Structure formats: C-alpha cells, structure tokens
Amino acid sequence: MRYLPKSPADRSEMLREIGAESIDQLFSTIPAEYQLRRDLKIPYQHSEQEIISYFRKQAEANANGYASFLGAGAYRHYRPVIIDALVQRGEFLTSYTPYQAEISQGTLQAMFEFQTMICELTGMEIANASMYDGSTGAAEAVMMAVRVTGRSRAVVAKSVHPEYREVFHTYAQHQGIPAKLVGYTETGRVDLDALEKSVTDKTACVLIQSPNFFGTIEDVKAIAEIAHRKGALLIVSIAEAVSLGAVKPPVEADIVSLEAQSFAIPVSYGGPYCGVIACKEQFVRQMPGRLVGEARDKHGRRGYVLTLSTREQHIRREKATSNICTNQALVALMATIYMTVYGREGLKELALQKLAKTQYAAQALAAIPGAKLHFTGAPRFHEFVLELPISPKRAAAKLLKKKIIGGVALGSWYRELKNASLWCCTELTTKEQIDAAVEVLSK
Amino acid sequence: MDNDGKFIGTPQKASTHVSQDERLIFEQSSPGKKAYKLPALDVPAVDAKVLLGEAAREDLGLMPEVSEIEIIRHYTRLSTWNYAIDLGMYPLGSCTMKYNPRVNEVVSRLEGIADAHPYQPVELSQGSLNIMQLLSECLMEITGMDAITLQPAAGAHGEFTGILLVRAYHESLGNPRRKILIPDSAHGTNPATAAVCGYQVQNLKSNPQGMVDLEELEKLVDDDTAALMLTNPSTIGVFESEIHKIADILHAKGALLYMDGANMNALVGKTRPGDFGVDVMHLNLHKTFSTPHGGGGPGSGPVACKKILEPFLPTPVLCTREDGTLGFEFNRPQTVGRVRAFYGNFGMFVRALAYILANGPDGLRQTTEDAVLNANYLRAKLEGIFELPYKTATLHEVVFSDRAQARNGIKTGDMAKRMIDYGFHPYTVSFPMIVAGAMMIEPTESESRQELDLLVDALKQIAREAEENPQLVLDAPHTTRVSRMDETAAARKPVLRWKAPALATPLQPDTAAKEW
C-alpha cells in the first residue's frame, strides 16, 4: 500500500522488539467472536490513475457546460487561482488545530486577519474563527441569544433560507426554544406589524436574513427597533457574503451569522462552506466556536493564540457554550485570501457587477409576455423571484434542453409561491446567457 | 542576534529575517493597490444609490488594498510558521493525524464535482450521488451498520445527530428518557453534545484498568437512561473487551449504545462496531479517512446506525428511485429533521472515498495493523522512561503520565513544548482527564520506523533534560518564531481584531531578540 512507509522486514523487526509473535497478538483484546476474519466488501485497491478516472467519470455524470441561474444559499463566483495555490501548501492543508501556538502562528495570524475582515464587513465588533456553515451558524446564534438574554423564545422570519429554518428547528426543539414564524409583505420584506405583535418581553431574539432568501434587503433598522424595544436581540443571517460589498452592513444587529461561501469556496454540491458568527463585544463570553486573540510572548513579540477557551467543550464539557469543536479553518483561509485579493475596492466592484447583472436579468425576464417579478417594492440585491406564464417545471425542462439551469422552484418551500422560482446572477453570469434564457422562455 | 549592539548569544536563525517578521496584511495595505481585475461589464452599469437607496454601502473601511505578489508572499511566509504533517510527525492522541493524500485534493477540485450546485436537478447530479452512495456503502460495511447519514459537518455535529436519533427512538416508544451516561475518560464534546440535546449527563467512573466498570454501569443504567456514549477503543487506547456485556446491560434496560468513532483508526478491517453491539456511531472523516485537518477544519462526521434508528435519520435521505437512478427522499415523517443545509460536507466525501479506493480491503486492514504496531512499538520503547498508568494492552495509542518528571517540576506541557525543538508536534497534553499529567501519543500508520525512532530518541533526551537541566525544558520551545505566549494576559483583555493605529495603541517595535 503506497501510503504506508514500512517494509515487511520493518514490520517483523518491530514486532520482535515489542515482544509480540504476530500482529494478531496486538489485537487479542478484541474478543475472538468479533474479529473480522474476512476482507471488507469494498472496492479493490485502486491506483492513482484509476482513482482519477473514477472521479472523472462521476464529474461527467454531473451537469457540465450548463449556464446556471441557481443561487439560494450557494453562489458561484470566480475563484482567483492564487487561492488554491496558497491553501494547498502542506503547511496550511495538513496542520492541526492551532492549540500549540508556537508552531501555528501561520494559521493563527491568518484567522486573526479573517476575524478582523469579517468585523469590518459586517459592522460587528468581534467575530469568531468560523462555524460549520450558515445554517448551523444561525441556529447557534439563536442559542447564543438565549444565553445572553436568559429568555427562551425566538421569532424567525419566513424569508430566512428555508433550510436554515429547518436546521434551526432541529436545534431548537430539544433546547426548549419555541419559535414563532413571521411572514413577509408584498415587498418581500418582513411584515413589521406581524413582527411587532410577535415580539414580547419573553422573546430572546428575532432572526432575519438580509438580503433575504428572495434577494430583498430588509429594513434592518426598523426590525432592530422592534426587537430592542422589547429587550430582544436581533440576529441577521447573511447567505450571500458578496452583498456586503454594496449593501450597508447590519450595524443595528446584535449578532450577525454569515455564510462566507461566496468568498472563493466552491459550491461543491453543498459543502464544505464557511459559517461565522460576529457580534457586539459585550457578548463575547457567550460566543460559540474558536476565537483567536493577540498575545505577547515573554520577549514581548506579538503573536496570536486561541483564547477564551473556557467557553469551549474541551474545558467546560456539558456547561460549554456549544458542542462545536472542529471548525472550517481551511475554508476560512480561502475566504481570507479572497477578501484580500478583492479588498476594499474589489469587493465593491464585484458586488456592483452582481447587482447590475441581476438587475438586467430581472428586467429582461420580466419583460417576457405574461411573466412577472414578485417583491418589486423594496431594494433587491442578488436574487429575484420570477413568475412565468408556464409552470416552473415546464420552464426548467425547456431551459435544460438548451443547457440552461433556470432558477430554483419555490413551491416546495412556499406554497404561495408555487408558480415562482428564484433566480440568481453573479459576475460569472454573462449577458449572452441571460439573453439565451429569455429567448427560450419567450417561445 | 544583535540587540542595541550587544551580542547576546549564538544565533541559529536570524530573528529579523523578513520572512520571520511578516506583519498583518492590513499593515501592508495602501490605497490604490490591487490584486484583481474584473472582466468588463457586459450589461448596463447600475447606480447602487438608485437601486439600493439608503441600503447602499459607502465604504469598506479597513479592507486591505494590496497586490498579488504581496498576497502570495504574505500567506507563504505565514505558512512557514506552521507545523504540518507534511513536515513531520504529529503524535496527537485521539486526533489521528495521518498522511493526507494529494490525489484527494485533485479529485475534489475536478470541474463537474467542485462546480456542482446543490440544487441542480438530480438527473444532472448522478455523479455526486454515486459518490455519496458508494461512500455510504463502504462506511456501512466498515462499521457493520445498516443505515447512514453523511449530513453532519464534523465529529461533534455527528454526535449531536446520533444523540438526536437516540432521543427520537425513545420518544417513538413514548419516553425520551432523561440521562446519558458518559465515562470520565470521554472527550469534552460528548457531555457538551448530551447537554445540547437536552439530556442530563451522568458520569461513569472507569475501573482500575481504565475500562468501563461493569458493576458501576449495572448500577447506573435504569429506565431513564437513554444511552451510553462510549469511545472504543477508549481514549487510553484500550479496547473494551467486555463490550458485548456493556451492550447487553444497556439493551436489557432499553438503553442504546452510542460509539464515538474518533478512534476508529484502530478498528477498520479488524472488527466492526455493528457486530459488537453498537447501535449508533459517528465517524470522523478528517481522522480515520485522511481528509485534511487544514488547521482545524473542515471535518465531516457521518453517522451510521442500526435498522431500528433508520426511520429517524436527518432528511433528505439518499435513495434509489424507481428508474434505478439516485435521488433524495424528503418525506420521512419520523425524521429528526435537518442538521445542516444541503447534504453535508460533500468535498470531504470525495476525499474520503478516494482514500478508501486507494486502500481497498487489504490496504485498510494493513493501515489499521500498522497504526497499532506503531503505537505498541512506541509504548515498548518508552515504557520505563515515562510512567505508564494503565498496563492494559493498547491498540492505536498509548497514554503515559509525567509523574516521574513532575517530581523535578517538569510537567507534561513542558515536555510537550520541548518536543517542538526536536522537530515534532507535541503529543496530546493533559487528556484524558483520568490520567494525571497525561501524555497521549498516537503515531498513526503514516510513520516509518525511522521516524518513530527519532521520536523515541527525542523523548528520551527530554526525559534526561528534565533530570539534568530542567530549566531548558521549562523555557522551551527555543527554536520557534515566538516563544510561549502569555495566554492568561490574552484572555484577560482579549484583542480579537486589528484596529488602525489611530484607533489603537501604537504597536511597539519588535526589537526583542532570541536568547539562545
């Protein structure tokens, strides 16, 4: 086996030095009746060449060469080549969690930069070193708000990503966190009157997404006022991180749960992605996940360490803020490098391109006779909800024939939008692709 | 080196070399530098103020402005401050720091795999689904289980999912029960998970051999016990040889056996948890199945279970459709619900499957045997130098204690720091908690005999230093860019982000020199 650095002679000499007669002797504590005396029924040992051709075959069995208008929480963006060049350095790729600070300064400093950039982009005072993804991050943010406020109820906007809401529900049901769902108005924004009625002095937090699942930018300030008036915290989930290049950060929020997948992380059939929680500094002790802080060594040299670990499970066990251990360090590094590549000007330019393409596509598709856009009464960033004269299913079939994957149908999540689909553009979407989709659907 | 003109020692490495003094990226930023170029916009440009109104953002504040070469240098320099498997051995107990094959990285980046969108039609996702299906089949065969979900994002997330299955199972019988039993040797995620799932944690003491005390277990298990969360082999590397009795005691009271699969690298191809009575378990693909740790993630924590727990698996569940193609089943009335958006850390599935294919049945068995051989070799070579608190035979890892060295004031953490000077990552320090001053060593199969001998030499030398020159050990490490950090001060007044100098106290110039 090519990954194993031992010759048969090494093995027998080592056994001799241990004083064991055979390798089986080392496994003798496993009761005989449970020892596996046969080969595992799994594929035979493959050469590297065979492995690559197996996966090539699978890659070919997926969509290839299709134009795509899919978004809904997973966004295709161009990935600058230096990102993979850097994250594939063995020193980053094959290092462990940086508990040993003296030999982990590379990862630690990069995470400190990540935390700083996330603060800067989200308008929050502190950020952690990443969570699994946006869906679990939002659920953890709610649990955090419950700890901060000592209250146990949550109010969740219906315009939060439906799968994020499902994950939240899974987490909340055993924590005794009853949740109330608040709908949206014809603008696509949270129904403020309904929200006002739902938030009480028992509410720990209000969870919204902005830009929301429909691409609409919420009135964060108004929602924050409603929440704060009753002493509840406002959590803003952000699924399309590129929006922060053009959309005002939700500074009125108490906690922001960001999915940073847009920052150079491949859509990769849904994962791994990169969640992160950012918040006001006063909540730091209730923050889940790893935090990197600045420190000095005995010579006064600046360096970085994992800090405030008394919040974490390896110290606090059942009293920890969360059971999270592993985070998304390597993908957080991808995001860090991506944010550095685009930086102060580039993220803005990128966001504006996305805005322009989305605007063009929305107008062009809405101009198809019988088509209409939903939620036009409020500003929209990255996605739009489109209703066509034909059903989403028929539209999808027509488009697929021309190698176009249209927007994702909304019916399975929103009954009231069963004739509509959610379309997304990024800087990778071309005018040609948009025009082609319009042409197919106009016929 | 040279400090105000005074020579203070023989330098082995210049502390002022540019690569050793890399500043934060923000400190290299200046307006107008760029590392990107977007294609020309092919649709009409828009005015953000018109489209977004009040929601339009003015400025991105401190986001860096640097060029491409600066980024390459910056992160390359930072990378050189990291230790990594590619540089040497990581004998971290219970972490299974094995070689991360490069072909895994190549296949996970193939177009068609990396670009697959989670909502593209299943007809156009058969490749992704085939990968998930084959990985699921392999993992079920390896664990001896009947069903699996790949959705959990990491080990602790797998524990969460597994305990939710346990809870849903008991609820379906009318009572979720209140307690989860956890041995005192367990990883901290176990009790944290039980708490997150709404269970009370009941501590189970280990017997003098470091194993589950059957009498104690018998006493504690009652009709209110939902499950025992057991790591097998345990965190001291010992296989619970009476595992079937443990399972029987639990099952007799209707409780379930959860296995933390963190130490599965000791078992693959040699025995199967499903055969020895485990009802539900998680795997860490970033341990046993070689996906890279990446400085702390991403992981992946599939959960395998017996038939009785299958109805409760998170949705969606991978299924074969009527036409023989693969798809997802969403409508499962008894499901615990989703634990993550989409289907899990798919990129890790690709890597883990590539690892399984590279090994095959013979390779996986040999891998396990080599991992156990390596650990036992280290145990034999180091016994006598360090105290071995549990004499029980061990599999893939061994836990020593610092008792002999502590008499001289040298603790496990000090010796761990000194290992760095010899070119090794420290072993796991002070865990498991049942061993005072624990030194937990797991070499994995990825080490050659030569590497193991080098580690043995280093540890012997450190033990000698602890006797003869304890200060040398107490001050370690001596060869790193920074020495031991003041973690207490860092936690007292946490600085968790960089601020522009105008807003923060000016940085002190880094004039400190090495003293060795």
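**Notebook: the interface of chains A and B, salt bridges, cysteines and one helix**

I began with the interface in this predicted model, and between chain B and chain A I found 88 residue pairs in polar contact, both residues of each pair at pLDDT 80 or more. I then asked which element of chain B gives the largest share of the side that touches chain A. Helix α9 of chain B (residues 346–382) does, with 29 residues. By class, I noted that this side of chain B has 114 nonpolar, 50 polar and 46 charged residues.

I next looked up the extent of the contact. Chain B contributes 210 residues and chain A contributes 183 residues. The area buried between the two chains is about 17,300 Å², and carbon and sulfur atoms give 62% of that area. Arg57(B), Tyr119(B) and Leu496(B) supply 5% of the area that chain B buries against chain A, more than any other three residues.

**Entry on salt bridges**

I searched the whole structure and recorded 53 salt bridges over all chains. Between chain B and chain A the count is 18. One pair I looked up is Arg344(A) with Glu65(B), where the closest N and O atoms are 3.7 Å apart.

I also examined Asp24(A) and Lys270(B), whose side chains meet in a salt bridge at 3.6 Å, N to O. Asp24(A) belongs to helix α2 of chain A (residues 23–26) and Lys270(B) to the loop between β7 and β8 of chain B, so this pair joins two chains. Asp24(A) is partly exposed at 39% relative accessibility, whereas Lys270(B) is buried at 9%.

Within chain A, I found a salt bridge between Glu416(A) and Lys158(A) at 3.1 Å, N to O. Glu416(A) sits in the loop between β14 and β15 and Lys158(A) in the loop between β3 and α8, so the pair ties together parts that are 258 residues apart in sequence. I recorded Glu416(A) as partly exposed, with a relative accessible area of 43%, and Lys158(A) as partly exposed at 22%.

Within chain B, I looked up Lys98(B) and Glu445(B), which form a salt bridge with the closest N and O atoms 2.9 Å apart. How far apart in sequence are the parts that this pair ties together? They are 347 residues apart, because Lys98(B) lies in the loop between α2 and α3 and Glu445(B) in the loop between β14 and α12. Are these two residues buried or exposed? Lys98(B) is buried at 2% relative accessibility, and Glu445(B) is buried at 3%.

I noted, in addition, a network of salt bridges that links Glu13(A), Glu17(A), Lys381(B), Arg449(B) and Asp453(B).

**Entry on cysteines**

My search of the whole structure returned zero disulfides over all chains. Cys325(A) is in no disulfide, and the nearest cysteine sulfur, that of Cys95(B), is 8.2 Å away. Cys325(A) counts as buried at 17% relative accessibility. For Cys305(B), the closest cysteine sulfur is in Cys197(B), 15 Å away and therefore too far for a bond. Cys305(B) is buried, with a relative accessible area of 0%.

**Entry on helix α11 of chain B**

I finally asked how many residues of α11(B), which spans residues 412–421, are buried. Nine of the ten are, and the helix is mostly covered. Among the buried residues are Met415(B), Arg418(B) and Ile420(B). The elements covering them include α10, β13, β14, α12 and α13 of chain B. I noted that Gly423(B) follows α11(B) and has a positive phi, near 90°.

Terms used:
Residues are numbered from 1 along each chain as its sequence is written. Chains are lettered from A and ligands numbered from 1 in the order in which they are written. This is a predicted model: local features need pLDDT of at least 70, side-chain atom pairs count only at pLDDT 80 or more; totals for chains, interfaces and linings use all residues. Side-chain values use heavy atoms; hydrogens and water are left out. Buried means under 20% relative accessible area, exposed over 50%, partly exposed in between (1.4 Å probe, protein chains only). Helices (H or I, at least four residues) and strands (E, at least two) are DSSP runs, numbered from the N terminus. Contact means heavy atoms within 4.5 Å. Buried area is the accessible area (1.4 Å probe) that two parts lose on being put together, summed over both. A salt bridge is a side-chain nitrogen of Lys or Arg within 4 Å of a carboxyl oxygen of Asp or Glu. A polar contact is a pair of N or O atoms within 3.5 Å; within protein, one must be able to donate a hydrogen and the other to accept it, and residues adjacent in sequence count only if both atoms are side-chain atoms. Ala, Val, Leu, Ile, Met, Phe, Trp, Tyr, Cys and Pro count as nonpolar, Asp, Glu, Lys and Arg as charged, and the others, Gly among them, as polar. A disulfide is a pair of cysteine sulfur atoms within 2.5 Å.
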